[in-house]
Amino acid sequence: GKEVWVFDIDETMLSNLPYYATHGFGARPYNATSYNAYVLEGSAPALPETKRLYNKLLTVGIKPVFLTGRTEDQRAITVANLRRQGISGWMNLLLKQPGFKGSAVIYKSGERQKLQDAGYVIVGNIGDQWSDILGAPEGARTFKLPDPMYYIG
């Protein structure tokens, strides 16, 4: 009952391809203002294969945890977007606190360590960036999805 699976959100559970289709498919410099406006629409579609894995894990009693680089002020719209895509039943949604200055690896590995310290066993960890899955504890199994549009170090 303490097994969890850590999921990233952007380009792992939700696809931001509609945003990138109108912004050069990653060939243009990143614009935080326009990207955040897109996130606030809450219209990102679910990636079907990841959603299927998510639903399978729920049926076998593994608790999903979302660990995202999205910030705490985006919690309500992130929850709404996930629910609109038929994604529910997660154990926790971990968002970055405003003002966090560390790298994505430090943030995400630190949050996974908190899960492990609380007695959870991370049986799986999936993301589209190496920063989603690197840094101890990684989990028993890690899965790196392809992302041809951008890289986060």
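**Salt bridges and strand pairing**

The predicted model contains 5 salt bridges. One of them is formed by the side chains of K108 and D8, with a nitrogen-to-oxygen distance of 2.9 Å. K108 belongs to helix α5, whereas D8 is located in the loop between β1 and α1 (17-21), so this pair ties together parts that lie 100 residues apart in sequence. Both K108 and D8 are buried.

A further salt bridge joins the side chains of R70 and D10, at 2.7 Å from N to O. R70 is part of strand β2 (residues 63-71) and D10 of the loop between β1 and α1; the pair therefore ties together parts that are 60 residues apart in sequence. R70 and D10 are both buried.

Within helix α5, the side chains of E111 and K114 meet in a salt bridge with an N to O distance of 3.0 Å. These two residues are separated by about one helical turn, because they stand 3 residues apart in the helix. E111 has a relative accessible area of 15% and is therefore classed as buried, the limit being under 20%. K114, in contrast, has a relative accessible area of 52% and is exposed, since this value is over 50%. Salt bridges with shared partners also link D8, K108 and D132 in one network.

Helix α5, which spans residues 104-117, also includes S109. With a relative accessible area of 11%, S109 falls under the 20% limit and is therefore buried. When neighbours within four places in sequence are set aside, the contacts of S109 are with L134, G135, A136 and P137.

Strand β4 covers residues 121-127 and is mostly covered, with 5 of its 7 residues buried. Strand β1 (residues 3-7) pairs with β4 in the parallel sense over 5 bridges. In this pairing, V4 has I122 of β4 as its bridge partner. Strand β4 also pairs with strand β5 (residues 142-144), again in the parallel sense, over 3 bridges. Here the bridge partner of I126 is F143 in β5. Strand β4 thus has parallel pairings with both β1 and β5.

Definitions and conventions. Residues numbered from 1 in each chain as written. Predicted model: local features only at pLDDT ≥ 70, side-chain atom pairs only at ≥ 80, totals over all residues. Heavy atoms only, no water. Helix = DSSP H or I, 4+ residues; strand = E, 2+ residues; numbered from the N terminus. Buried < 20%, exposed > 50% of the residue type's maximum accessible area, 1.4 Å probe, protein only. Contact = heavy atoms within 4.5 Å. Pairing = 2+ DSSP bridges. Salt bridge = Lys/Arg side-chain N within 4 Å of Asp/Glu carboxyl O.
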